[in-house]
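User: Please take a close look at one single part of the structure shown here. I am a first-year student and would be grateful for a connected explanation.

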Amino acid sequence: MTEVKKLPQRKEVPVELTWDLELIFANSGEFDAAVTELEQQVITFLTYQGQVGQSAQTLLTALEAWLDLDRALEKIYVYASMKNDQDTKNAEYQALFTRVQKLVAEVSAKIAWFEPELLALSEETVATYLQAEPKLQQYQHLLEVLLAKKAHILSDKEEALLAGASDILGAPENIFGVLNNADFKFAQVSDEAGNKVQLSQGLYGKLLESVNREVRKEAFEKLYLVYHQFRHTLATTLATHVRMHNFEAKLRGYNSAQERALASNSIPVKVYTTLLEQVEQHLPLLHRYVELRKKVLGLTELHMYDLYTPLTGKANLAYTYEEAKQESLKALAVLGDDYLEHVKEAYASRWIDVVENEGKRSGAYSSGVYDTAPYILLNWQDNLDNLFTLVHEMGHSMHTYLTTHNQPYQYGDYPIFLAEIASTTNENLLTQYLLETQKDPQVQAYVLNHYLDGFKGTVFRQAQFAQFELWLHEQEASGQALTAEKLADYYGKLNQHYYGSAVVNDQQIAYEWARIPHFYYNFYVYQYATGFAAATTLSQNILSKDPAKLTAYLDYLQAGSSNYPLEVMKQAGVNMEESAYLQEAFKVFEKRLNQLEGLLLK
Ligand SMILES: [Zn+2]
C-alpha cells in the first residue's frame, strides 16, 4: 500500500522555493498606500468625463490617465490573486483578494464611460489631433484598434439595452455550468485498485488514461449515460447560446458570428478556414497514428476509450527541481545568451513558487503584469512531465519579461492568440533536446509519444471542435433547428471522419459536444490549433541555427501588442493566412510518427 504523503503547511516551505511577492509590495503598508493612491487617481480621472474629445491635449491627458489607472489596478490585483493562490485556506489572503475583486468591479464601473466617449470621436477628428499633438502619436496603433470597433457600435440607447440584458444573454452558459458542475451525478465506477469510486469530471480524465481497459471502458460508458439522458436540455442550451452569438453579430452589422469573434482580436476569417482545410488534408496522418495505437496495444478493436492510455508506459526519467533547472538551461540554450540570462534571473530572484503546500492552488501558471516580475506557480513533482511544464511556463514568463522590458505600457501585454506560441515553442525545443541527448529507446519512444499526443489533442482535436462550432453557427443562421438528434448525427460522423476506420465509432461519442465547456466560449478553440502548429514551425526555424530566424523569433517575444497579431507573427517568420506553416508542422508530425513506428513496431 502506498503511504499518503502529508503536504507541508505554507510556513514550512523553505523560503528559497517560494516566490518573492515582496518585490511587488514590501509590506501591507505599501499595498494600502497603493490602493489609496488608486482611489485618488479615480477621482481625478472622473473630472475628464465629457471632455475627452475637446482637444488633442484633453484626449492625451485622459488617455494617459486611463492607462495609468489600468496599470495601477492590475498590479494590485495580481498581487492579491497570487497571495491567495499560494494558500487559499489563509483567511487573511482570502479577505485581501475579496477586497481587491470588489475594488476592480467598482473602478471598472466608474470608468466605463471612457471607451464610448472615445469611440464617439470621428476618425477625422482623431487624425487631426494626432497631427496637432506629437505625444499622441505613440498611441496611434492603440487608437486604431479601439476605433476599429466604431463601425459596430450601436446608439447609446441600444447599447444600454444590450448591456442591461447581458446577464440574460449569458444565461445558456450559466445554465450549462450549473448543470455540468453541480447537478450532474455520475455513477460509481471501479478504479485500477478495484475500489468503487464516485465518477466525476476530474476523475474521468484520469480513468481514461488507465492501463486497465475495463476501468476506462466503464468510466466512458457511465459518463455518457448522464449526457445522453439530458441530451435534449443540453442541445437546447447550446443552441440558444449559438443563437445569441448570431443575434449579436447581426445586430452589430457583422457578416457572421465567426467574423465578429475573430475581429475582436483583429484576426481575418481566412486564418480559421486555412486551418480547417489543412487539417482535413492531413487526416490520413491521424489515421496512421490511430492504427499504430491499435497495433501497439494489441487490440482487435480500438474504441474511443482506448485513445488516452499511454502507448509506452511511464518514462524512466526522474528529475529533481535542481536537475530540471539545469536541463531547462541546456534545452533553451539555442535561444541565445540574452534569453538564457533572463531564465537564470528567474531562478535566482525567486520568481517561482515551486512546491506543493496545503491550500495551494493546483496546476501551473505564469502570471505577472507590467510592473511586476513574470512569476510562475508550480506544484513540482520529480518527473519528465514537470520538466515540460517548467519550460512551458518559462516560455510565457520570458515572453512577458521581454515584452514589458521593450514596450511602453500601452503595448506591454500580448493577446491570447500569441500567448501559447511562446510556451509551446519551448516545449518543442525541449522535445528536440531530449531526442538528441536521451539514447534509451524507451525514453525516445516516450518523448515522441508525448509530442504526438500533444499534437493530436491540440491540432487535430481542437480543429475538430472548431469545425463543429462553425457548423453550429451556420446551421442556426440558416434557420435550422439544432435538435439533440441533429447534433449527435453530425458530431458522430465528424468524429468518424477525423479518426478513420481503425477506431470503432462508439455511439456515445456522438454526444461529446454535450460536455465540452469550450463550446460556450466564442470561436476560441481554433487558437490552440493554430498556436501549436505555429510553435512547431518556429522551433524548426530556431533549430536551423540561422541567426536571422532566431532574431525574428526574439523580435516576436518583444513585440507585445505594438502591432496586429498576424503582423507580429509574419515578422517572426509565420504567415498564418497561408498554409505553409501548417504543412511544415504536419511534416514534423509525420517525421516523429515514422520514428515512433520504427521504435515500437520493431
Ligand atoms: Zn500556456
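Analyst: Around the zinc ion, the 4 donor atoms subtend angles of 52 to 143 degrees, which makes the arrangement irregular; four donors would be tetrahedral with all angles between 85 and 135 degrees, or square planar with opposite donors over 155 degrees apart and all others between 65 and 115. This is a predicted model, in which local features need pLDDT of at least 70 and side-chain atom pairs pLDDT 80 or more, while totals for chains, interfaces and linings use all residues. Residues are numbered from 1 along each chain as its sequence is written, and side-chain values use heavy atoms, without hydrogens and water.

The zinc ion is coordinated by NE2 of His392, NE2 of His396 and, listed twice, OE of Glu420, at 2.1 to 2.5 Å (donors are N, O and S atoms within 2.8 Å of the metal, or 3.2 Å for Na, K and Ca). Along the chain, these donors follow the spacing H-x3-H-x23-E. His396 in helix α18 and Glu420 in helix α19 (residues 416–437) are 24 residues apart, a pair that links distant parts of the chain.

Helix α18 spans residues 384–406 and packs against helix α23 (residues 547–559) at about 70 degrees, with the axes 6 Å apart (helices are DSSP runs, H or I, of at least four residues, and strands, E, of at least two; axes are fitted to C-alpha atoms, with angles from 0 to 180 degrees). Helix α18 is therefore roughly perpendicular to α23, a term covering 65 to 115 degrees. His399, Leu402, Thr403 and Asn406 of α18 meet Tyr556, Leu557, Gln558 and Ala559 of α23, contact meaning heavy atoms within 4.5 Å. By class, this contact has 4 nonpolar, 4 polar and no charged residues.

In an unreviewed entry, UniProt places the domain "Peptidase M3A/M3B catalytic" at residues 207–587. Over residues 207–587 the chain is 64% helix and 3% strand, with end C-alpha atoms 32 Å apart.

Definitions and conventions. UniProt positions are given in the numbering used here, feature names are shortened, and annotations may be inferred rather than shown by experiment. Angles under 35 degrees count as roughly parallel, over 145 as roughly antiparallel, 65 to 115 as roughly perpendicular and the rest as oblique. Ala, Val, Leu, Ile, Met, Phe, Trp, Tyr, Cys and Pro count as nonpolar, Asp, Glu, Lys and Arg as charged, and the others, Gly among them, as polar. Four donors count as tetrahedral if all angles lie between 85 and 135 degrees; four count as square planar and six as octahedral if opposite donors are over 155 degrees apart and all others between 65 and 115; anything else is irregular.
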